[in-house]
Amino acid sequence: MASSAPAVVAPTSFDDLRLGRSAQFVVARLLRFWDSRNIKKQGEFMGITLLFLDQQNSVIHGFIPAARSGHYRPGLRSGSIVKISRFEVARCTNMYKITDNPFVIRFLPQTTIDEVLVNAPIINLQKFMLRKFEHLQALANTNLELPDVVGMIRSVQGSDLKDAAVMTRVVVRFVIEPNVVVYLSLWDEAAATFRGLISSGERAQSVMVVTTVNPKIFGGNLYLNSTPATKFYFDVNIPAITQFTASLGGPVGEAFPCIDTKESIKKKEHVSIRDLNKFISNSDEQTQEAEFICKARVLEVLQQNGWSFVSCTGCSRKLDQSGNSLRCNRCVNANVTGVIKYRVELSVDDGNDNATFVVFDREMLSLIKKDAATLTVEQMNGGGGEQLPQCLGELGGKEFVFQIRVTPFNFTPNHRTFTVCGISDHIEPETFNTKEASIVGGESGETSASAGASVEGEAYDPNPTGGQVKDGNRKRPRE
């Protein structure tokens with residue numbers, strides 16, 4: 001009697017996956033993958049996130065922990081059809097969702113992933129988690145989803161737009177529905193990638209799909225902030241692009257203007273605090289730098305965040321406590337040394353409005369005529385403890401002329417303060433030397449976070465959540 005042929009085991013569809021570990025396997029297209037980093041731990045590498053699409057047109061994401069990423073990374077290829085076996089199915093978190101699937105495929109030490117080269121199933125090339133304007137507004141500032149969006153580029157602003165190595169912020173005015181324009185705020189790798197795309201000479205195609213953005217509302221405008229997972233798709237054969245182009249009912253092929261802001265605004269106008277706040281809320285120059293002169297009275301020295309910090313002598317960042325010692329998360333140097341520097345928050349008022357100005361080491365030293373380390377020792381020897389030093393407390397009630405530098409950070413949702421790059425109680429504003437008073441980046445602590453947003457004051461109080469910034473407890477002075 002002839003033996004029967006072995007039964008062919010079909011792959012499990014994403015919709016039929018069950019929690020836990022089992023012998024189930026899936027066959028899917030690997031749409032894309034990226035490195036995931038812990039934005040609360042200075043961009044610590046957590047692992048590789050993958051996005052899969054199966055034959056039933058369902059999407060799920062997978063995760064390879066950092067410890068096993070080196071084993072799997074060489075075999076990963078975007079667009080390939082793969083068979084994945086011996087994995088674990090777990091529940092997704094409720095935050096930063098990138099698919100509608102409630103589960104995630106977690107790679108185990110025994111998990112295998114192999115490219116299917118023969119008899120591969122027919123699976124679509126792409127699928128996106130597209131959201132419309134109303135849905136994006138509802139998601140704004142919630143961090144619940146990182147959706148995809150399709151739209152047409154109206155204009156691009158940023159510095160060094162022809163240099164694909166530059167990672168500073170790029171702002172794109174993006175039409176996502178007829179008469180609906182939002183702002184794409186691109187940071188870090190996403191900004192560099194986009195520069196490369198628009199400088200390649202193929203700028204006629206203006207409709208694109210942008211993936212995995214974090215919606216935020218700031219100044220009444222909707223901003224879609226890039227994340228490390230953000231990708232750009234211009235292929236006119238993608239159904240989402242075809243449908244969007246048809247919905248506009250008009251020409252979409254014209255080249256869009258690229259405004260290079262390297263020659264940034266050099267204003268040093270006399271403005272009120274209200275004018276300063278309006279410039280931030282209403283300016284179309286979202287990537288520009290500007291300088292202003294503002295005369296105001298110090299109401300008090302805010303003590304919530306102290307008046308000094310221990311700075312790394314190598315990179316000027318704040319040193320973090322590690323057991324009984326201090327360490328620098330940027331230099332990663334076991335023998336790091338630190339120095340005490342000023343970071344003083346002033347609540348100021350000009351009679352009509354108020355704000356919080358932050359004064360760093362150089363400006364405070366020129367004002368107090370005593371460095372922060374010396375002042376700290378005097379406080380300890382005098383029994384002052386953690387009380388505010390008298391010379392700082394005496395700033396309250398005094399009127400100064402402040403030179404304020406506005407940077408792209410000031411246009412981000414986590415903006416709360418203005419950085420002072422010059423201060424005087426007697427020099428006429430016109431005598432400020434812009435070049436000499438310019439802020440040293442390491443001293444002001446304005447760095448770019450892993451998730452793609454700029455976080456002010458990171459040298460003092462790191463909270464690098466980028467497009468995922470929490471607002472904190474302090475009310476913004478301009479609200």
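Reader: What is the relative accessible area of Glu 378?

Author: The model is predicted, and the value is computed from it. Glu 378 is partly exposed, as its area falls between the buried class, under 20%, and the exposed class, over 50%. The relative accessible area of Glu 378 is 40%.

Reader: Which residue forms a salt bridge with Glu 378?

Author: The closest N and O atoms of the pair are 3.0 Å apart, and a salt bridge needs a distance within 4 Å. The partner is partly exposed, with 29% relative accessibility. The residue is Lys 370.

Reader: How many salt bridges does the structure hold?

Author: The bridge between Glu 378 and Lys 370 is one of them. Another joins the side chains of Asp 148 and Arg 32. The total is 10.

Reader: How many residues apart are Asp 148 and Arg 32?

Author: The two side chains meet at 4.0 Å, N to O. Asp 148 is in the loop between α2 (133–139) and β9 (149–158), whereas Arg 32 is in strand β2 (residues 25–38). Asp 148 is buried at a relative accessible area of 3%, and Arg 32 is buried at 3%. The sequence separation is 116 residues.

Reader: Which residue is linked with Arg 131 and Glu 145 in a network of salt bridges?

Author: Arg 131 and Glu 145 form a salt bridge, with their closest N and O atoms 3.0 Å apart. Arg 131 lies in the loop between β8 (112–115) and α2 and Glu 145 in the loop between α2 and β9, so this pair ties together parts 14 residues apart in sequence. Both residues are buried. The further member of the network is Asp 100.

Reader: How is the ring pair of Trp 307 and Tyr 342 classed: stacked, edge-to-face or tilted?

Author: A search of the whole structure finds eight aromatic pairs, and Trp 307 with Tyr 342 is one of them, with ring centres 6.0 Å apart. Trp 307 is in the loop between β18 (290–302) and β19 (308–312), and Tyr 342 is in strand β22 (residues 338–349). The planes stand at 45 degrees, neither under 30 nor over 60, so the pair is tilted.

Reader: What is the angle between the ring planes of Phe 357 and Phe 402?

Author: Phe 357 lies in strand β23 (residues 354–360) and Phe 402 in strand β24 (residues 399–406), so the pair ties together parts 45 residues apart in sequence. Phe 357 is buried at a relative accessible area of 0%, and Phe 402 is buried at 0%. The ring centres are 5.1 Å apart, and the pair is edge-to-face because the angle is over 60, at 75 degrees.

Reader: Which residues join Phe 357 and Phe 402 in a cluster of ring pairs?

Author: Phe 357 and Phe 402 pair with centres 5.1 Å apart. Ring pairs extend the cluster to Phe 400 and Phe 418.

Reader: Which residue of β11 stands opposite Val 175?

Author: Strand β10 (residues 170–177) runs antiparallel to β11, with seven bridges between them. They form a hairpin with two residues between the strands, and Asn 179 in the turn has a positive phi of about 70 degrees. Six of the seven residues of β11 (residues 180–186) are buried. The residue opposite is Val 181.

Reader: Which residue of β14 is the bridge partner of Ser 185?

Author: Strand β14 (residues 221–225) runs parallel to β11 and is joined to β11 by three bridges. The partner of Ser 185 is Asn 225.

Technical notes: Residues numbered from 1 in each chain as written. Predicted model: local features only at pLDDT ≥ 70, side-chain atom pairs only at ≥ 80, totals over all residues. Heavy atoms only, no water. Phe/Tyr/Trp six-rings, centres within 6.5 Å; stacked < 30°, edge-to-face > 60°. Helix = DSSP H or I, 4+ residues; strand = E, 2+ residues; numbered from the N terminus. Buried < 20%, exposed > 50% of the residue type's maximum accessible area, 1.4 Å probe, protein only. Pairing = 2+ DSSP bridges.
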